[in-house]
Amino acid sequence: MLAPLSQGFQQRSRQGYRVTRAVVHPEVVLTSEGQTQERIALEPVARVMNDVKEPGMHQWKDVVSTIEFKPGFEESLDTIDDFSHILVLFWMHRSPQWDRSLAKTHPQRRADLPPVGVFATRSPVRPNPLGMSVVELAGREGNVLTVKGLDAIDGTPVVDVKPYLPGDSITDARVPEWVHRLRHDASD
Ligand SMILES: C[S@@+](CC[C@H](N)C(=O)[O-])C[C@H]1O[C@@H](n2cnc3c(N)ncnc32)[C@H](O)[C@@H]1O
């Protein structure tokens with residue numbers, strides 16, 4: 001058995017900061033073949049609230065959402081509003097279970113685009129349906145962040161947020177041709 005990443009609900013870390021919650025616990029699972037396989041259990045820290053109730057194509061850049069953190073995380077959000085943009089990591093919980101084992105998919109389910117490996121796409125249908133988006137941080141009130149442009153539906157569990165830093169931007173990144181086609185079609 002591996003030791004948990006955090007030793008639980010201790011009151012103070014070694015650095016003297018208060019530890020409010022412990023959320024990640026790797027487990028070792030023994031498979032029927034006798035091999036060990038590691039799993040990670042994530043506990044959401046927050047939930048998305050907005051007017052988009054179903055997955056699908058939306059004008060996400062215009063969507064205003066709140067990210068409502070569970071009690072106990074207010075101190076962990078201290079000074080985040082010094083940043084104009086944040087990264088939001090979320091669990092796309094409405095991604096169908098039966099789809100998650102697909103190896104390939106058409107980007108944005110468009111049959112006119114070549115099928116590619118799911119890890120070469122941003123599809124919500126993937127083995128671990130984690131989403132990651134850079135969004136504008138419009139405000140913070142206590143445990144609640146207001147963001148613009150988050151492409152997650154109402155009720156989506158959030159597993160982490162981080163500040164967006166200048167070094168996160170790569171202006172000359174190489175991408176395949178289908179990405180240019182999608183961008184071109186979106187601008188029509
Ligand atoms: C293409 S994914 C990309 C997410 C993120 N920007 C990324 O790159 O990881 C965004 C789409 O996932 C779908 N979606 C959003 N929240 C979801 C949820 N909680 N469960 C299932 N699908 C979701 C919506 O249809 C949305 O257009």
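The following exchange asks how the labels used for this predicted model are justified.

User: What makes Thr 79 exposed?

Analyst: Its neighbour count. Thr 79 has 8 other C-beta atoms within 10 Å. The cut-off for exposed is 12 or fewer, so the label holds. Thr 79 sits in the loop between strand 4 and strand 5.

User: Why is Gln 108 called partly exposed?

Analyst: Gln 108 has 14 other C-beta atoms within 10 Å. Exposed stops at 12 and buried starts at 20, so a count in between is called partly exposed. Gln 108 belongs to the loop between strand 6 (104-105) and strand 7 (116-117).

User: What is notable about phi in Thr 79 and in Gln 108?

Analyst: The sign. Thr 79 has a positive phi of about 70° and is not a glycine. Gln 108 is not a glycine either, and its phi is positive, near 50°. Most residues other than glycine have a negative phi.

User: How do you know that strand 5 and strand 10 pair?

Analyst: By counting bridges. Strand 5 (residues 85-91) and strand 10 (residues 157-163) share 5 bridges in the antiparallel sense. Pairing needs at least two, so the criterion is met. Val 88 stands opposite Val 161 in strand 10.

User: What makes strand 4 a partner of strand 3 and of strand 9?

Analyst: Bridges again. Strand 3 (residues 46-49) and strand 4 are joined by 4, antiparallel. Strand 4 and strand 9 (residues 144-148) are joined by 5, also antiparallel. At least two are required, so both pairs qualify. Arg 47 has Glu 68 of strand 4 as its bridge partner. Val 64 has Lys 148 of strand 9.

User: Where do these pairs fit in the sheet?

Analyst: In a closed barrel of 6 strands, in the order 3-4-9-8-5-10, with antiparallel pairing. Neighbouring strands are turned by 45° against each other on average, direction ignored.

User: Which side chains of strand 4 are buried, and which are not?

Analyst: Ser 65, Ile 67 and Phe 69 point to one face and are buried. Val 64, Thr 66 and Glu 68 point to the other and are not. Such alternation between the two faces of the sheet is what a regular strand shows.

User: Which residues come nearest to the ligand, and what is the character of its shell?

Analyst: Of the 16 residues around the ligand, Pro 55, Met 92, Arg 94, Arg 122 and Gly 131 come nearest. The shell divides into 6 nonpolar, 7 polar and 3 charged residues. Gly counts as polar here.

Conventions: Residues numbered from 1 in each chain as written. Predicted model: local features only at pLDDT ≥ 70, side-chain atom pairs only at ≥ 80, totals over all residues. Helix = DSSP H or I, 4+ residues; strand = E, 2+ residues; numbered from the N terminus. Axes fitted to C-alpha atoms, helices over the stretch in contact; angles between N-to-C directions. Near = placed C-beta within 6 Å.
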